[in-house]
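Dear colleague,

I am passing on the structure we spoke of, with the sequence alongside. Please open it before reading on, since the notes below are meant to be followed with the model in view.

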Amino acid sequence: MAILNILEFPDPRLRTIAKPVAVFDDALRQLIDDMFETMYEAPGIGLAATQVNVHKRLVVMDLSEEKNEPRVFINPELEPLTHDMDQYQEGCLSVPGFYENVDRPQQVRVKALDRNGEPYELIAEGLLAICIQHECDHLNGKLFVDYLSTLKRDRIKKKLEKLHKQQ
């Protein structure tokens, strides 16, 4: 397994819309394993392939404290099941060091394929629903900072650009 490089805002590659996964092979399973290793090392609870500059519709996630409940979502499709919103303070491995409140639907249905290409469906709420929506946004070239005011987004962008220049 390998630790992959995580792209950071405002890298334009984070705006790339991911393509559906069509081939389920050893290379895909290796990518999934590498993404889990990268996410755990970061540390984070979710990672979209877009964040590691692979533009496929693939998300890995593990919300457990023990890092023993890995979830894989390939070609996920989301459907909000309520108009009720939850506000959650979100952070992102691609926007390190920043946390802001974002409103998202409380409950969603997700249809996806697992690492072997088998279809499944689940209804998610709470942190799982928030995380799924956050990671699926990445597959569509969207970041949580896009939900913020222009002023806040520009402030975060300037601070990260300054940090990148110093490195």
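The notes below go from the whole chain to one hairpin and then to two residues.

Please bear in mind throughout that this is a predicted model. The secondary structure of the chain consists of three helices and seven strands, and along the sequence these follow the pattern α-β-β-β-β-β-β-β-α-α. The radius of gyration is 15 Å, close to the 15 Å that the globule rule gives for 167 residues, so the chain is as compact as a globular protein of that length. The C-alpha trace spans about 45 × 40 × 30 Å along its principal axes.

Of the 167 residues, 42% count as buried, and the accessible surface comes to about 9000 Å², with 48% of that area belonging to carbon and sulfur atoms. Among the contacts with a separation of 6 or more, 66% are made by residues 24 or more positions apart. As for charge, the chain carries 21 positive and 28 negative side chains, and the centres of these two sets lie 9 Å apart.

The hairpin is formed by β4 and β5, with two residues between the strands. Strand β4 covers residues 85–92 and strand β5 residues 95–105; the two run antiparallel and are joined by seven bridges. Within this pairing, Glu90 stands opposite Glu100 in β5.

Gln87 also belongs to strand β4. Is Gln87 buried or exposed? Its relative accessible area is 52%, and because the cut-off for exposed is over 50%, Gln87 counts as exposed. Leaving out residues up to four places away in sequence, Gln87 touches Asn101, Val102 and Asp103. Val110, by contrast, is 23 residues from Gln87 along the chain, and the C-alpha atoms of the two are separated by 20 Å.

His138 lies in helix α2, which covers residues 126–139. With a relative accessible area of 1%, His138 is buried, since buried means under 20%. Which residues is His138 in contact with, once its neighbours within four places in sequence are left aside? They are Leu14, Thr16, Ala48, Thr50, Gln51, Cys92, Ser94 and Leu143. Of these contacts, Cys92 brings us back to the hairpin, as strand β4 covers residues 85–92.

With best wishes

Methods. Residues numbered from 1 in each chain as written. Predicted model: local features only at pLDDT ≥ 70, side-chain atom pairs only at ≥ 80, totals over all residues. Heavy atoms only, no water. Pairing = 2+ DSSP bridges. Helix = DSSP H or I, 4+ residues; strand = E, 2+ residues; numbered from the N terminus. Rg over C-alpha atoms; globule rule 2.2 N^0.38 Å. Buried < 20%, exposed > 50% of the residue type's maximum accessible area, 1.4 Å probe, protein only. Contact = heavy atoms within 4.5 Å. Areas by Shrake-Rupley, 256 points an atom, 1.4 Å probe, with all protein chains shown as cover. Lys, Arg positive; Asp, Glu negative; His and termini not counted. Charge placed at Lys NZ, Arg CZ, Asp CG, Glu CD.
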